[in-house]
Structure formats: structure tokens, C-alpha cells
Amino acid sequence: MGKIIVVGIGPGSKDDITPAVLNVVGDADAVVGYKYYFQFVEPFVKDGCECIDTGMKHERERAEQAFQLAEQGKTVVVISSGDAGIYGMTPLVYEMQRERNSDVVVESLPGISAFQKAASLLGAPMGHDFCVISLSDLMTPWETIERRIRAAAVGDFVTAVYNPKSNGRYWQLYRLQEIFLRERAANTPVGYVRQAGREEQEVTLTTLGAFDPEDVDMFTVIIIGNSQSYQWNDKMITPRGYYREAHKGNEKKGQLIMIESFRTIESELKCKDYRLDHKWALLHAIHTTADFDMEDILHTDDGAVATLYNKVKNGELTHIITDVTMVTSGIRKGALQRLGIETQCYLNDPRVAEMAAEKGITRTQAGIRLAVEEHPDALFAFGNAPTALMELCDLIRKGKAHPAGIIAAPVGFVHVKESKHMVKPFKNIPKIIVEGRKGGSNLAATLCNAILTFDDAAQLKPGRDL
């Protein structure tokens, strides 16, 4: 009884065929394969080797011919592009062996898959967990393919796409792009390679949002990055984590936990395209509350976080005033010291009780009046008292207060919503607002921390002042 050896001949260049495959091709009594692929192995077959080539979509016929020859005692090599076990002939040959109950020995030798060749040309996009999906629905129902696409997108897998388009299949790639854009940012790197390893080779690097499905065909492999992938020096890179591991010694355990938490939160956000400074505040808010409603109720004016950070950095903003001491307690002391910022809550100032009794106002209102007299241009952060926020709004309208910024996060049921509406008309003041009834001292404090650490946002590396 003979033998069938199923081999992958790589993506299309003789330089990408492994020595092991060349050896068995050179020893074969017969080589069976799709006629287009014979050009890559013909120089290596021995004299007298029987070469049987067939056209496209004749896979079962090729497998049957291989078994007929092997059952005559011959050594038969079945060639398949890329790796024969990945969308290739190997599974079919094993299934036919089982169907025929054949005693023919079947072996398989790996080859370089097209996605591996494409990845090497693009840089290092497959550096972490990945999957490969074929959009061909000839043998797989589209409903199944779409479920797999959705799972890959939700799971944050780097995803290679085979068989992206044909003359009869033009819309499926658009649908894949639509699904991925629900789960990943529009600036997610996307690379695609046409005719990888062949003379007609074309390599293109773009983004998920800018990618045009009309630019690819059946000879193209597409690779979509994950949330950590990035472009650098015209290359697409997905980090494995070695660089981060090498620098862990500088990070405290609490910070490492916070970094991992932020990454988890980011991966679960409904929208992937928030402005960086808004996303940084949002991640802090969700991390503090474990409440993904923040995605719907946290409002930041355009560039508010970045603007306030720059005021701190430039020395224009030196004081943070809070309505209650709990907010002050939650602002990181390390960040305050590093940036030269002072925090102050007037609630326990002896003058407050006296003013509140005299004017018939709340102590938090009185505290804001005193604060405005001494620090009219501070950043004001409210996490408890809507009356204090309303007092600040009144003082702004009277021209007595000129805040550098406002964090409006009072919590409760009485005048809370109204106080937040009152602050919105001040268009020239950068504002961060927790809409509705929700809020709290912890939220106000963490939003202050987001401002003070905005220079860590691009690297998604929170917690250095823990």
C-alpha cells in the first residue's frame, strides 16, 4: 500500500516552500494538485513523476485520484497553497480516508500560510491572540460566518480574512467592516496584501474606518488589528506584552491592577471612537463606580480635560476647590504634589457656620462664597451639594467668579438635575458634568484625577500616583 503526503507549498514563492516539502516533492511518484500551483513545484519533481493537475473546484476529484494512485503502491504528494491544513486539502484527504476505510498512509506537512506571509510583509500584526475567518459561503452558511465575525470582533482578536470577495460576493466584506466598527475604533490598523509572495504583490496599510472593500479581491488577505495594535514606521504592530513586562519593575502592584482594569473597561465600551480626553475621564468614572451608564451620562465639553490639564501644566491653574471634604480626600496627593496644586474645602472653615446662619443659606453655599472671594479662578469640583453648584452659577453670572473649570457631579434627588442644567450655559468655561441624579464625591475626585494625569492617557497607563 502506498502513501499520500499532503503538503502546503506556501503562498506562491519558491523561497517560501519549506525544505521538508521540497524533499517529498522531489521523491514523489506522483504529484496531484490545482494546475495553477504546479508552476511553483515543477522544477523540483523528479524525472518520470506523474503530474496530475485539475481546475478550480475539483478538490474531491483530486483527492480521489490521489487515493487511486496510492492504492497502487505509489507515493503521492497532494499540493495545496499556503498550509494544506488551513482551508486546504488536508482535511478533505483525511475525511476521504475515513470514508473509504483506506489503509493508505496519510501524512501532512505544514506550509507557510498566506496570512503568515501577509503578516510578515505588514510588520508584526499577529503578535497576540488571533483568528482566521473565510468569507466564502460556498460550504458554510452566512449566518454561521457572521456569528464568527461577531465573536472575533467582540473578543478583540486580531483577525485575518480569507476569500474576502468574488464576482458573486460583494457585500459580505462591507458587513464584516460594519460589525467590527461597532466593537473597535475607526483608527484600528488594517493591512491587506494582494498576491502575497508573488510578482504581483501589493501591500497596503490603512485603518478600519478608511478601509474600502472595493480595493480588494479574492487574491487578497486582510488583517484587522486588535485594540492594542498600532502603526509605526509604515508597519502594523500588535504587541505581545514583552516590552511592558520588562518595565513592570517601575510600577506598583496597585497601578498594574488599575492598568488592567482600564483595559478591560475600554474593551467593553459601546463606542470605540471617543476623543482621547473624554475617554480618559470616562474610564476613570467607570473604574470608580463600575457603572457603564457613565457612557451615556458623562458629558465633557470639547477638549475640557486636555484644556484643564494644560492650564495645570502651564501654571495657570493652581487651586482646586471642592464642595465637601470627601472630594478633597479622593484627589491623589502624589499628583497634587507633583504638579504643585493645592486643594481646599471651606466647609469646616469657622467663617462658614457664621455666614450660613447670618445669610440663611447652607454651609456648602457659604463655603463657595468664601472660596470665590479667595480663589475666583480655581477649578471647582462638586460631588455632593447641588446648592453649592447653584451658588457658583449665581456668582459667575454676577461676575464674581471666573472658574478655570467646573466638575458638576452632585448626587441626589432635590435640585440635582437643575443644578447641572444651570452650569451648561457657561460656554467659555470647560465643564465635566455627570448628567441626571447620579454623581458623588468619589466621582468628582476621580474626574479631578483624570485631569491631573491626562499625560498618561495616550499610553492608557493610569495610577502612577497611587
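In this predicted model, the largest nonpolar core comprises 46 residues. Those with the most contacts inside this core are Met294, Leu298, Ile320, Ile407, Val434 and Leu452. Two or more residues each come from the helices α9 (253–268), α10 (276–289), α11 (294–297), α12 (304–313), α14 (333–339) and α19 (441–452), and from the strands β17 (379–382) and β19 (431–434). Of these elements, α19 gives the most to the core, with 8 residues.

Leu298 shows how segments of the chain meet here. Beyond its neighbours within four places in sequence, Leu298 is in contact with His278, Ala281, Leu282 and Ala285, and also with Ile432, Ile433, Val434 and Leu447. A second core, separate from the one just described, has 28 residues, including Val352, Ala401, Val423 and Ile429.

The protein as a whole contains 19 helices and 19 strands. Its radius of gyration is 32 Å, whereas the globule rule gives 23 Å for 466 residues; the protein is therefore more spread out than a compact globule. Along the principal axes, the C-alpha atoms fill a box of roughly 110 × 45 × 40 Å.

Of the 466 residues, 52% are buried. When contacts between residues at least 6 apart in sequence are considered, 69% join residues at least 24 apart.

Turning to the surface, the protein exposes about 22,100 Å², of which carbon and sulfur atoms supply 49%. The charged side chains number 53 positive and 61 negative, and the centres of these two sets lie 6 Å apart.

Note on methods. Residues are numbered from 1 along each chain as its sequence is written. This is a predicted model: local features need pLDDT of at least 70, side-chain atom pairs count only at pLDDT 80 or more; totals for chains, interfaces and linings use all residues. Side-chain values use heavy atoms; hydrogens and water are left out. Helices (H or I, at least four residues) and strands (E, at least two) are DSSP runs, numbered from the N terminus. The radius of gyration is taken over C-alpha atoms; the globule rule is 2.2 Å times the number of residues to the power 0.38. Buried means under 20% relative accessible area, exposed over 50%, partly exposed in between (1.4 Å probe, protein chains only). Contact means heavy atoms within 4.5 Å. Accessible areas come from the Shrake-Rupley method with a 1.4 Å probe; for residues, only the protein chains shown count as cover. Lys and Arg count as positive and Asp and Glu as negative; His and the chain ends are not counted. The place of a charge is taken as NZ of Lys, CZ of Arg, CG of Asp or CD of Glu. A nonpolar core is a set of buried Ala, Val, Leu, Ile, Met, Phe, Trp, Tyr and Cys residues joined through side-chain atoms within 4.5 Å.
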